[in-house]
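Trainee: Hey, got a minute to go through a structure with me? I'd like to hear about its charged pairs and its interface.

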Amino acid sequence: MTPTKPANPADPAKPAKPARSGQSVRRRARWGSYALELVMIAVAVLFLFPVYALITLALKEPRQIADSPLGLPAPPTAHNFTHAWSSASLGPALVNSAVITTLSLLLLVVLGSTGAYFLARRAQGLGYGLYILFLLGIVLPFQLGMIPLYKLVDGLGWLGTYQGMVLFYTGIQLPFTVFLYTGFIRTLPADYAQAALIDGCDHRQAFTRIVFPLLRPITGTVIILNAVFVWNDFFTPLLYLGGSAKETVPVGVFSFVGQYVSDYGLVFAGLVLAALPVLVVFLLLQRYVIKGFAGGLKG
Amino acid sequence: MSRSLPQPEEIQPEEPRAGKTGPGRTGPTARPRKTPPTVRIQPPQTPRTRPGRDLTVPPWGFVVPALVVYALVVLYPSIAGVAYAFTDWSGIGDASFVGLANFRALLDDQRTLDSVVNTLLLTIAVVVVQNVVGLLLALGVDTGIRSKSLLRVVFFAPAVVSPVMVAFLWKYVYNPEPTAGLNGLLGAVGLGALRQDWLGDPSLALWSVAAMVVWQYAGYSMVIFLAGLQGVPPELHEAAKIDGAGTWQRFRYVTWPMLAPALTVNLMLSTIGGLKLFDQVYAATNGGPGTASETLSTALFKEAFVYGKFGYSTAVALVLALFVAVVSLVQLRFLRAREVTA
């Protein structure tokens, strides 16, 4: 796993050898680039081995898995997929995950952007203290408050409900969201909002009409990062939703796997189905996702 | 508050707000094209001597909703959690104050002590390997190779899949059967001698979990390093080349210092993630065999929900919280200092 080594031949300009003609330098560079490409592809193939296992096993009958665990499925069967779809009750789980993720994102964007706007513009005294208080939430492991929060959600009668999960995700992801938004807002000039205020807008109008549209890039990042987290989270829905009708996809898959643990073909078909929505969305948006991940985390 | 934390904006008498005041924006990668050079023709009309009274400061109503939710979900439960750590609460009935008994019990509890050691080992392994692999991948796909866009997607894709599902997939990869999963692959390429019971062998289980986590998140580190690499101005490389710097020297003296902010983010994220790691361990090994892969997160989960020792479990959680806080503050201080001098 050392893909850098072949990069060295790609280096066209070795010091103290200035006599080489431009053309041969370029050819050397090209060969180095081919070598690097081959190494990277080899790494990628190795890296994809678990995915190969996942897909091929999902397409095999149990007997074929026993006979040739690593071979290609011959002939491939879709039986695992139909069976997994019905017995993992993935349909309702997908709906639950979608509802919880959407509502949480909505609240996170609204509360995070407005809160961060305040914190970015009032960066002294109490405003700064509040900002630090929010940052603390990034470091605190949620397990510390796990039990009191469980009691709180239980006391509200919100175990096994959408609103319990939405409240949880909004609260737990607010620190990170506020952090991203505040960093971004600090780089924006305050003049636009000021102009709007001078023109007679109140603060709410200045924010919704002028400031919030300017936050679009970071809002994209906030949505992507939080969506991945909320959609994939396992522990909290297991605790708050386990056994209820509101189970999310990871929880549904967890109990499905527990039930059919020895039937790898079936289990893997379930995993493929459960991961598919995320992967499709990711492939469609991958440019923005990757940019968002990197950009957001840099701020 | 502590000096190591991001500073508030200082009062800026003449300088208009430019794109470099926020935390983390001091690094070189934040430089390119943050402020278009043409935007500002006139300076602000009046020097703002008291920005606190600025017309643009929004009212408190903007922060109150966020604060309420945050207080309800994070602050209040965490404070209450700290209080529980000093009680013998069992989940039902009343809790009585027991002072430091939970923490003393913790020191005598081999399972918890094992989980502390395991958490640290796992975190170190994940942080080191994930970042080294992530950096190598980033350097590899930041070149002119034709498959770079595809490779980025391939390497990054596991990071968007649920950790629990990745753990189930890897449970198969780590299958003890000699012909299935990783063992089968090793056999097929003539490395049959390396076959192991990856998750069942107590001396291997923790490292197998670490490898799985690295597989899932190496692409995540790669993407952040890539962002850093793209912030390195090509002119610097050109200049270094003209000065006769070889590939390694250009990496060491041009690229590497410029990657400092990306490295800070990567190290902090992987460290915090490693210390808190739960889903993967719970689904892949459930801490086993024995306590071979028990981490603080899985241990405190069991104490609470299997053994019903809620007070004790929050004491363990408090230890975890202190770990995370101390390690990340030290890291932040060290890494940010390094960024400034780099």
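**Salt bridges and the interface**

Mentor: Sure. There are three salt bridges over all chains of the structure, where a salt bridge is a side-chain nitrogen of Lys or Arg within 4 Å of a carboxyl oxygen of Asp or Glu. This is a predicted model, where local features need pLDDT of at least 70, side-chain atom pairs count only at pLDDT 80 or more, and totals for chains, interfaces and linings use all residues. Residues are numbered from 1 along each chain as its sequence is written, chains are lettered from A and ligands numbered from 1 in the order in which they are written, and side-chain values use heavy atoms, leaving out hydrogens and water.

Trainee: OK, what does Arg111(B) pair with?

Mentor: Glu294(B), at 2.4 Å from N to O. The two are 183 residues apart.

Trainee: Is Glu294(B) buried or exposed?

Mentor: Buried, with a relative accessible area of 0%; buried means under 20% relative accessible area, exposed over 50%, partly exposed in between (1.4 Å probe, protein chains only). Arg111(B) is partly exposed at 25%.

Trainee: What else meets Glu294(B) in a salt bridge?

Mentor: Lys302(B), at 3.0 Å from N to O. Lys302(B) is buried too, at 11%.

Trainee: Switching topic: how many salt bridges cross the interface of chain A and chain B?

Mentor: Zero, by that rule.

Trainee: And how many residues does each chain put into the contact?

Mentor: Chain A gives 113 residues and chain B gives 112, with contact meaning heavy atoms within 4.5 Å.

Note on methods. Helices (H or I, at least four residues) and strands (E, at least two) are DSSP runs, numbered from the N terminus.
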